[in-house]
Amino acid sequence: MKELVDRLRRNQALPAEELRRLLTDNDPTIREYLRRNAQEVALAHFGRGIFIRGLIEISNRCRNDCRYCGIRRSNRLATRYRLDRQTVLDCCAEGYRLGMRTFVMQGGEDPALTDAFLTDLVGEIHRRWPDCAITLSLGERSEASYRALFEAGANRYLLRHETIDPDHYRLLHPEEMSLENRVQCLRALKKIGYQTGTGIMVGSPGQTPDLIVKDLQFIAEFKPQMIGIGPFIPHRDTPFGQEPAGSVELTVKLLSILRLLCPSALIPATTALATLSGDGRILGIQAGANVVMPNLSPPDERSKYNLYNGKAAFGCEAAEGLDSLERELEKVGYHISWDRGDYIEQD
Ligand code: 5AD
């Protein structure tokens with residue numbers, strides 16, 4: 001089994017059957033060997049600096065009805081909000097003052113987030129803070145829209161594919177949505193020139209080891225610059241409210257496998273991982289993650305942006321908590337990197 005890890009590290013690839021063996025293996029020695037190799041690769045590429053991204057949750061209104069997501073359209077219990085232009089700019093100003101050089105604007109597929117509104121906003125952020133990267137995470141839009149936003153100054157786009165299996169995709173999503181469209185969006189984003197991020201939830205209902213292997217193969221082939229993975233966490237007011245959460249252990253293992261498959265990718269230790277486990281962030285970093293995304297949304301809105309129950313949005317997960325994050329990182333020999341942390345192609 002160690003030989004599989006060595007080969008995965010050397011070739012940045014592994015046949016499906018062997019990926020499956022590695023994934024389903026339960027030997028703690030192998031798990032630790034995989035983790036250590038992934039950590040070494042991350043250290044070789046990025047050193048001990050962890051990139052930070054200020055996360056601004058601009059709207060929790062959404063036209064979609066994804067079965068796992070707490071801000072799905074049919075959740076009448078969600079308190080809806082949308083940040084106005086000035087509020088978003090204030091968040092950026094605060095993030096900049098704290099030293100952040102990447103702003104991530106994430107939101108539901110809110111029809112009020114028109115191209116006109118967003119290009120103006122992105123353009124203004126780009127003019128005021130030209131040294132900052134602008135990341136968008138606003139779901140599926142037209143290629144023309146992605147292009148207009150890129151021209152206005154956006155550099156990066158996060159759009160998880162969630163699962164590469166069409167049937168599993170249909171289990172997670174409403175009928176109007178399709179995997180085909182999702183993948184088309186991803187290809188368009190890359191073609192336009194965005195640093196593009198994709199990824200999955202670990203332990204989503206219906207997910208099997210074979211499906212995860214297919215996701216890994218898709219990611220290896222698509223070569224995203226960023227990879228977001230976190231455990232599925234149920235939200236009580238969704239159809240999946242009674243489903244079990246994904247496993248921290250499997251998420252950490254997948255972080256390591258992804259680090260070995262895509263050595264120079266930007267991979268966050270996600271909020272969902274930190275939500276399920278108090279030391280999730282550190283476990284993720286020690287398994288090969290190299291990014292954290294502290295929450296920069298206005299504190300009152302943070303608790304309304306609930307994709308799942310119990311979201312960590314304060315302390316080390318918050319922009320105000322950068323000092324505690326730095327201390328937490330220092331305890332294990334890491335530190336915050338204040339660099340804007342663009343993707344750099346390396347061997
Ligand atoms: N648990 C974990 N992650 C979730 N997401 C949405 N709902 C949940 C949930 N219940 C993730 C999706 C989406 C990202 C923004 O949040 O993968 O792409």
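Modeller: Let's start with the angle classes: under 35 degrees two helices count as roughly parallel, over 145 as roughly antiparallel, from 65 to 115 as roughly perpendicular, and the rest as oblique. Keep in mind that this is a predicted model.

Biologist: Good to know! Why are α2 and α10 called oblique to each other?

Modeller: Helix α2, residues 16–24, and helix α10, residues 248–261, pack at about 140°. Roughly antiparallel needs an angle over 145, and roughly perpendicular stops at 115. The pair is therefore oblique. The axes of α2 and α10 are 10 Å apart, and the crossing is right-handed.

Biologist: And what makes α4 and α5 roughly parallel?

Modeller: The axes of α4 (residues 85–98) and α5 (residues 115–128) cross at roughly 30°. The limit for roughly parallel is under 35 degrees, so α4 and α5 are placed in that class. Their axes come within 11 Å, and α4 passes α5 in a right-handed crossing.

Biologist: α10 also packs with α3. How do you know which class that pair belongs to?

Modeller: Happily, by the same route. Helix α3, residues 28–46, and α10 pack at an angle of about 50°, with axes 8 Å apart. That angle falls in neither the class under 35 nor the one from 65 to 115, and that makes α3 oblique to α10. The crossing of α3 and α10 is left-handed.

Biologist: Now to the ligand. What makes the pair between the side chain of E162 and the ligand a polar contact?

Modeller: An N or O atom in the E162 side chain is 2.5 Å from an oxygen atom of the ligand, and the cut-off for such a pair is 3.5 Å. The pair therefore counts.

Biologist: How do you know which backbone atoms qualify too?

Modeller: For Y68, a backbone N or O atom lies 2.9 Å from a ligand nitrogen. For L307, a backbone N or O atom is 3.3 Å from a nitrogen atom of the ligand. Both values are within 3.5 Å. As for cover, the ligand on its own has 400 Å² of accessible area, and the protein covers 87% of this.

Biologist: How do the residues of the shell around the ligand divide?

Modeller: Into eight nonpolar, one polar and two charged. Among the residues around the ligand are R160, E162 and Q106. Arg and Glu count as charged, whereas Gln, being on neither the nonpolar nor the charged list, counts as polar. Others in the shell include C69, M201, P231, F232 and I233, of types that count as nonpolar.

How values were computed
Residues numbered from 1 in each chain as written. Predicted model: local features only at pLDDT ≥ 70, side-chain atom pairs only at ≥ 80, totals over all residues. Heavy atoms only, no water. Near = heavy atom within 4 Å. Polar contact = N/O pair within 3.5 Å; in protein donor to acceptor, adjacent residues only side chain to side chain. Areas by Shrake-Rupley, 256 points an atom, 1.4 Å probe, with all protein chains shown as cover. Axes fitted to C-alpha atoms, helices over the stretch in contact; angles between N-to-C directions. Helix = DSSP H or I, 4+ residues; strand = E, 2+ residues; numbered from the N terminus. Left-handed = near helix turned anticlockwise from the far one by under 90°.
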